[in-house]
Amino acid sequence: EIEAIEKTYEKFDDLVETLKKGKGWMTEHLVQFQGFWLSPSSALKGVLFVQNHFKPQPSDIFLATSVKCGTTWFRALIYATMNRSNYSFNTHPLLYTGPHDCFPFLDAFIYQDYLISHSTSNNPPSPRLFATHIPYELLPKSMATSGCKFVHICREPKDVLVSTWLFMNKLRPKHLPPLSLDEAFQMFCEGVSHYGPYWDHVLGYWKASLEFPDNVLFIKYEDMKKEPLFHLKKLALFLGKPFTEKEEKEGVVQEILKLCSFDNLSNLEVNKTGILRYSSQIFVNNCYFFRKGEVGDWQNYLTDETVKQLDLITKHKLKGSGLTF
Ligand code: A3P
């Protein structure tokens, strides 16, 4: 297995050389691969791994998101929903383990040290839960046809831009000047953002959700904020774990929402001081994944002119798709 993986990466540097380069948000340039902008050292490697080596199981559940669309929140929600009969809410693993550690990144499987150190978790209990930022079009066909379930979370593009810009600046090495909002805006609009163009990423899952409604659930971050009870019940039903009448009466849905709420998760010690290890080189403080968790914070950052431009791009990109923000 490891030899086959090594073979995939043998000509990796040559491949990167052939790809179009775009400006990076942190240190590295992004490269355009099969229509999407990826960081070569992590995302591209991850996509190559998934395309060539990942073996989906029909029971697999994927949380598929663009960056900054609510991955952390939905990781917690899905984990708590799927495992609700295994744990009590007072001693729940989410209280001591960051949502990321309960629910691994599919793409993280690329790292050999991860593969070796987690060799036992190659066979985690079924259904396996994975998070991924990989666009639908870049996933191997076997994942779409094997019956796996995808939960896609999308978010209003202006909030995604602001949240991404602030997040990336936290990760930028201190010796580099911060990325200005103007630069971030330009790059985002041109589609040169991690796993972007953002709109193409969203549309891939949107179309798949229309074509395969039993396999792809499409949820907006804003809708979950507005009607959490309704959407969590819908999510549980989609995942094959509908809440029973008894559970509803006992307030289990509310308990899960409370456990996974921004206020609760962001104030836990593990999320205030813990660190997420993506790979042997990439570490991110858990607290960076919790900023405000609100809808419409873009109003505090974007000018009227940028709002107009971004809204126009969104309208143009989504035209005829039936999707609106
Ligand atoms: P903001 O920067 O707008 O606050 P991701 O998890 O995909 O990286 O997305 C991060 C965004 O989700 C951040 O948005 C973060 O604050 C918000 N978020 C994290 N946990 C949340 C929760 N439990 N409820 C709502 N939003 C949450």
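Let me start with the hairpin of S2 and S3, where two residues lie between the strands and Gln-34 takes a positive phi near 50°. This is a predicted model, in which local features need pLDDT of at least 70, side-chain atom pairs count only at pLDDT 80 or more, and totals for chains, interfaces and linings use all residues. Residues are numbered from 1 along each chain as its sequence is written.

When I say strand, I mean a DSSP run of E with at least two residues, numbered from the N terminus, and two strands pair if DSSP finds at least two bridges between them. On either side of the turn, S2 and strand S3, residues 36–38, pair in the antiparallel sense over three bridges. Within that pairing, Phe-33 stands opposite Phe-36 in S3, and Val-31 stands opposite Leu-38 in S3.

Val-31 also brings us to the other neighbour, since Val-31 in S2 is the bridge partner of Lys-21. Here strand S1, residues 20–22, and strand S2, residues 30–33, pair in the antiparallel sense over three bridges.

Now to the sheet as a whole: what is the order of its three strands? The sheet is open, with the order S1-S2-S3 and antiparallel pairing. S1 and S3 stand at the edges with a single partner strand each, so one side of each is left without a neighbour in the sheet. From one strand to the next the twist averages 40°, where axes are lines fitted to C-alpha atoms and angles run from 0 to 180 degrees between N-to-C directions.

Conventions
Helices (H or I, at least four residues) and strands (E, at least two) are DSSP runs, numbered from the N terminus.
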